[in-house]
Amino acid sequence: MRGLFFYIWALLPALGWAQTYSGRVIDEHGEALMYATVYVQSAPEVGTATNGEGVFALVLKSEISNPQSETLIISCLGYETQQWPLSRFAADTVVVQMREQPIWIAPTIVEAEKTHQSKRKKMASLLRTVYQRLQEESPREPVQYNVVSDVKMEAQTSSWGMEQMIAKVVQIPSQDITQMDSVQFVGTYCKRYCHPLVRQHVDSLMHAEKDKSRLRYAAAIDSGTIVHRKMWEMSQMDKSVLLDLSDELGRWQSSQPDAQHMLLSYSRKRSHFLGIVKTTETHHLLVDNSASLQTYSTDLYVKLFLPFSIKIKDSDLSWVNLLNMDDEALQKFRLKRGTMHVQFTTQYVLRDGMRVPSEKTMHVDAQLEDNKGKVLPCEFWAQQQVTNMQTSGVKPLHRYSKSQTVPRVLVPIY
């Protein structure tokens, strides 16, 4: 009988047996968190997301050979990632409370002041030490990272949805210290969680688009890799970036947030096109007492103020209305001003004697305003987590693999 029971148990997956793992994800105030992603640690392509009530249901058949030994990763943009035993969610609906985690360092943005020669020499020495440590600890051979990348976009008070890309990144160090490293980002699997009407609206816009160049660009963005790749590249503290910033010592400030760390901040304001566009750019480097990089973050503020309003063409208005999901479609819109705040943060860890990224986050908060005060807000959140890395025998990706279409599935949320 024992042998027969074991035989039947082993056959259950093949017979269509499935196990459901369910839970509910809330914030520190007990409010439901929608679009929190849930996936199996050893197989990130196996996962789901929470619905409007914060509830998820992960149905497994034969994808996982030994569920009892698996770990479930629960991640939500702006919150600390949690790891739970998968088996914990098999019996009862477990409530998971997430703790907020700001996705950027929040120092006060400082303006450069005139400093004495002694302070500049001290700053130059400190930056030189940080640069040397970065050179010593940066990988000297190609490194491959396996990445889980989440992005979410919101317009007005509605969320467009969530996209999760499973990808691998090959970073090839530059032989020239003045040049940035080469980055190859290849998506292997993409999961999308969104309301069917949103997906239908985007597809209809792309189908009706007549401008070929704009259609190609929209298709490239919709392919799911361009946004994820750009995020990885733009949030990277490359040696060449620090080399460029070190030339302007008067724009640097330093502070000590605690006894173990030093925060170095670089700030610059610019005016473009006769003052129509104004930008404030700030870089923050958090280093430990040995001048080893722990966190790199960038803040970019952009303000647009037009002396006269510009009418958005009818062909563009349908795309602009994606930012106006809660209201009736706009019939006209004359752009007068706009603001955008972009924040990148990369957390670094020391692995095998190399300083490598462990997590990247991004937040974009933008607003467009017309000549009558109509405001169209848009927020974009993203997070990339490195699940593992390979340091030996890594070779550049073949051109063919980089051009392959990423498999994408629309995952229903139960």
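This is a short dialogue on reading a predicted model, from the whole chain down to single residues.

Biologist: Let's start with the big picture. How many helices and strands are there in the chain?

Modeller: Remember that we are looking at a predicted model. The chain has 8 helices and 18 strands. Of its 414 residues, 45% are buried.

Biologist: And what can I read from the contacts in the chain?

Modeller: Take the contacts between residues at least 6 apart in sequence: 65% of those join residues at least 24 apart. As for the outside, the accessible surface comes to about 22400 Å², with 53% of that belonging to carbon and sulfur atoms.

Biologist: On to sheets, then. What is the order of the strands in the open sheet of 4 strands?

Modeller: Read across the sheet, not along the sequence. The order is β3-β2-β5-β6, and the pairing is antiparallel. At the edges sit β3 (43-49) and β6 (82-85), each of which pairs on one side only. From one strand to the next, the twist averages 30°.

Biologist: Which residue stands opposite Y39?

Modeller: Look at β2 (residues 37-40) and β5 (residues 71-75), which run antiparallel and are joined by 4 bridges. Y39 has I73 of β5 opposite.

Biologist: While we're on strands, where do the side chains go in a regular strand?

Modeller: The general idea is that side chains alternate between the two faces of the sheet. Keep that in mind as you step along a strand on screen.

Biologist: Now the open sheet of 3 strands: which strands stand at the edges?

Modeller: The order here is β4-β1-β7, with mixed pairing. β4 and β7 are the edge strands; each has a single partner strand, so one side of each is left without a neighbour in the sheet. The twist in this sheet averages 30° from one strand to the next.

Biologist: How do β1 and β7 run, parallel or antiparallel?

Modeller: Parallel: 4 bridges join β1 (residues 19-26) to β7. To find the register, pick out R24, whose bridge partner in β7 is V95.

Biologist: I keep getting drawn to the aromatic rings. How many aromatic pairs are there?

Modeller: The count comes to 4 aromatic pairs. One to look at is F56 with F89: the ring centres are 5.7 Å apart and the planes stand at 55°, so the pair is tilted. To be called edge-to-face, the planes would have to be over 60 degrees apart.

Biologist: Where do F56 and F89 lie in the chain?

Modeller: F56 is in strand β4 (residues 55-60), while F89 is in the loop between β6 and β7 (94-97). They are 33 residues apart, and the pair links distant parts of the chain. F56 and F89 are both buried. Add W84 and you have a cluster, with F56, W84 and F89 linked by ring pairs.

Biologist: What about hairpins? How many residues lie between β11 and β12?

Modeller: There are 2 residues between them in the hairpin. β11 (residues 252-258) runs antiparallel to β12, and 5 bridges join the two. Within that pairing, S255 stands opposite L263 of β12.

Biologist: Follow β12 onward for me. What is the phi of F273?

Modeller: It is near 55°, a positive value in a residue other than glycine. F273 is in the loop between β12 (261-272) and β13 (277-288). L274 is in the loop between β12 and β13 too, and its phi is near 60°, again positive in a residue other than glycine.

Biologist: Are F273 and L274 buried or exposed?

Modeller: The cut-off for exposed is over 50% relative accessible area. F273 has 65%, so this Phe is exposed. L274 has 91%, so this Leu counts as exposed as well.

Biologist: Past that loop, which residues does T279 touch?

Modeller: T279 is in strand β13. Leaving aside residues up to four places away in sequence, T279 touches R268, K269, R270, H272, L300, Y301 and V302. With H272 there is also a polar contact of 3.3 Å between the side chains.

Biologist: And why does T279 count as buried?

Modeller: Buried means under 20% relative accessible area. T279 has 14% relative accessibility, so this Thr counts as buried.

Terms used: Residues are numbered from 1 along each chain as its sequence is written. This is a predicted model: local features need pLDDT of at least 70, side-chain atom pairs count only at pLDDT 80 or more; totals for chains, interfaces and linings use all residues. Side-chain values use heavy atoms; hydrogens and water are left out. Buried means under 20% relative accessible area, exposed over 50%, partly exposed in between (1.4 Å probe, protein chains only). Contact means heavy atoms within 4.5 Å. Accessible areas come from the Shrake-Rupley method with a 1.4 Å probe; for residues, only the protein chains shown count as cover. A polar contact is a pair of N or O atoms within 3.5 Å; within protein, one must be able to donate a hydrogen and the other to accept it, and residues adjacent in sequence count only if both atoms are side-chain atoms. Two strands pair if DSSP finds at least two bridges between them. Axes are lines fitted to C-alpha atoms, for helices over the stretch in contact, and angles run from 0 to 180 degrees between N-to-C directions. Rings of Phe, Tyr and Trp (its six-membered ring) pair if their centres lie within 6.5 Å; planes under 30 degrees apart count as stacked, over 60 as edge-to-face and the rest as tilted.
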